[in-house]
Amino acid sequence: MSATAARAADIVDTAVGAGQFKTLVTAAKAAGVVPVLKSKGPFTVFAPTDAAFAALPPGTVEDLPKPKNKGKLAAILKYHVIPGAVKAGDVAGKKLTVKTAQGQKVDVDGTMLGVQVNDAHVVQADIMASNGVIHVIDKVLLPPAKMPMHH
């Protein structure tokens with residue numbers, strides 16, 4: 001193994017190692033976004049904890065990984081990814097609207113104690129990975145619906 005390979009884990013391996021992102025990692029695999037998150041980047045990932053996923057409406061976590069929902073799940077996950085490495089210090093004291101990998105924007109507010117992304121709070125910032133930064137959030141970010149959803 002080369003010295004560079006041992007340096008730092010990528011975003012996916014870092015999340016797996018942290019142990020509190022099992023749902024996120026399972027969802028990333030189901031949605032087919034793991035290769036993206038293992039690519040060069042850099043990326044900034046807002047990573048919801050397992051508890052954040054558990055807080056979604058009942059049945060959501062079980063339903064999303066189903067093959068028929070792959071596109072929807074991929075869109076939700078990409079909504080948690082911002083191109084480029086953004087650290088908490090970069091947004092301290094600022095309010096930004098940032099375009100996500102999914103195409104829609106999130107509001108990042110660093111003007112309060114801690115950083116807020118839409119209505120989620122960053123509970124742990126700046127977990128460095130070889131291809132970006134992870135910020136742990138306490139809520140799953142759902143992209144604004146482009147149109148009313150029909151069940």
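The exercises below work through the fold, the sheet, the salt bridges and one helix residue of a predicted model.

**Exercise 1. Overall form**

Task: State how many helices and strands the protein has, and decide how its radius of gyration stands against that of a compact globule.

Solution.
Step 1. The secondary structure consists of 8 helices and 7 strands.
Step 2. For 151 residues, a compact globule would have a radius of gyration near 15 Å. The protein has 15 Å, so the value agrees with that of a compact globule.
Step 3. The C-alpha trace spans about 50 × 40 × 25 Å along its principal axes.
Step 4. Of the 151 residues, 40% are buried.
Step 5. Take the contacts between residues at least 6 apart in sequence: 63% of these join residues at least 24 apart.

**Exercise 2. The annotated domain**

Task: Find which residues UniProt assigns to the feature "domain: FAS1", and give the helix and strand content over that range.

Solution.
Step 1. The UniProt record, an unreviewed entry, places "domain: FAS1" at residues 8-141.
Step 2. Over residues 8-141, helix accounts for 34% of the chain and strand for 28%.
Step 3. The C-alpha atoms at the two ends of this range lie 27 Å apart.

**Exercise 3. The sheet**

Task: Give the strand order of the sheet, and explain why β2 and β3 each have one side without a neighbour.

Solution.
Step 1. The 7 strands form an open sheet in the order β2-β1-β7-β6-β5-β4-β3, and the pairing is mixed.
Step 2. β2 (81-83) and β3 stand at the edges with a single partner strand each, so one side of each has no neighbour in the sheet.
Step 3. At the β2 end, strand β1 (residues 43-48) runs antiparallel to β2 and is joined to it by 3 bridges. Phenylalanine 43 is placed opposite proline 83 of β2.
Step 4. Further along the order, β6 and β7 are antiparallel, with 5 bridges between them. Valine 122 has isoleucine 137 in β7 as its bridge partner. A hairpin of 2 linking residues connects β6 to β7.
Step 5. β5 and β6 also pair in the antiparallel sense, over 2 bridges. Here glutamine 116 has histidine 121 in β6 as its bridge partner. These strands form a hairpin with 2 residues between them, and asparagine 118 in the turn has a positive phi of about 50°.

**Exercise 4. Salt bridges across the chain**

Task: Count the salt bridges, then locate the partners of aspartate 13, lysine 95 and aspartate 119.

Solution.
Step 1. Side chains of opposite charge can pair when their charged atoms come close. The count for this model is 5 salt bridges.
Step 2. Aspartate 13 pairs with lysine 38, and their closest N and O atoms are 3.2 Å apart. This pair links distant parts of the chain, helix α2 and helix α4 (residues 34-38), across 25 residues. Aspartate 13 is partly exposed at 38% relative accessible area, and lysine 38 is partly exposed at 39%.
Step 3. Lysine 95 pairs with aspartate 109, the closest N and O atoms being 3.7 Å apart. Lysine 95 lies in strand β3 (residues 95-99) and aspartate 109 in strand β4 (residues 105-109), 14 residues apart. Lysine 95 is exposed, with a relative accessible area of 61%, whereas aspartate 109 is buried at 15%.
Step 4. Aspartate 119 pairs with lysine 139, with 3.3 Å between the closest N and O atoms. Aspartate 119 sits in the loop between β5 (116-117) and β6 (120-129), and lysine 139 in the segment after β7 (132-137), 20 residues apart. Aspartate 119 is partly exposed at 42%, and lysine 139 is partly exposed at 38%.
Step 5. Shared partners join Asp10, Asp13 and Lys38 into one network of salt bridges.

**Exercise 5. Threonine 14**

Task: Decide whether threonine 14 is buried or exposed, and describe its surroundings.

Solution.
Step 1. Threonine 14 belongs to helix α2 (residues 11-18).
Step 2. Its relative accessible area is 16%. Buried means under 20%, so threonine 14 is buried.
Step 3. The threonine 14 side chain reaches the backbone oxygen of aspartate 10 at 2.7 Å.
Step 4. Leaving aside residues up to four places away in sequence, threonine 14 touches Ala9, Ile127, Ala129 and Ile134.

Terms used. Residues numbered from 1 in each chain as written. Predicted model: local features only at pLDDT ≥ 70, side-chain atom pairs only at ≥ 80, totals over all residues. Heavy atoms only, no water. Helix = DSSP H or I, 4+ residues; strand = E, 2+ residues; numbered from the N terminus. Buried < 20%, exposed > 50% of the residue type's maximum accessible area, 1.4 Å probe, protein only. Polar contact = N/O pair within 3.5 Å; in protein donor to acceptor, adjacent residues only side chain to side chain. Contact = heavy atoms within 4.5 Å. Salt bridge = Lys/Arg side-chain N within 4 Å of Asp/Glu carboxyl O. Pairing = 2+ DSSP bridges. UniProt positions renumbered as here; feature names shortened; annotations may be inferred. Rg over C-alpha atoms; globule rule 2.2 N^0.38 Å.
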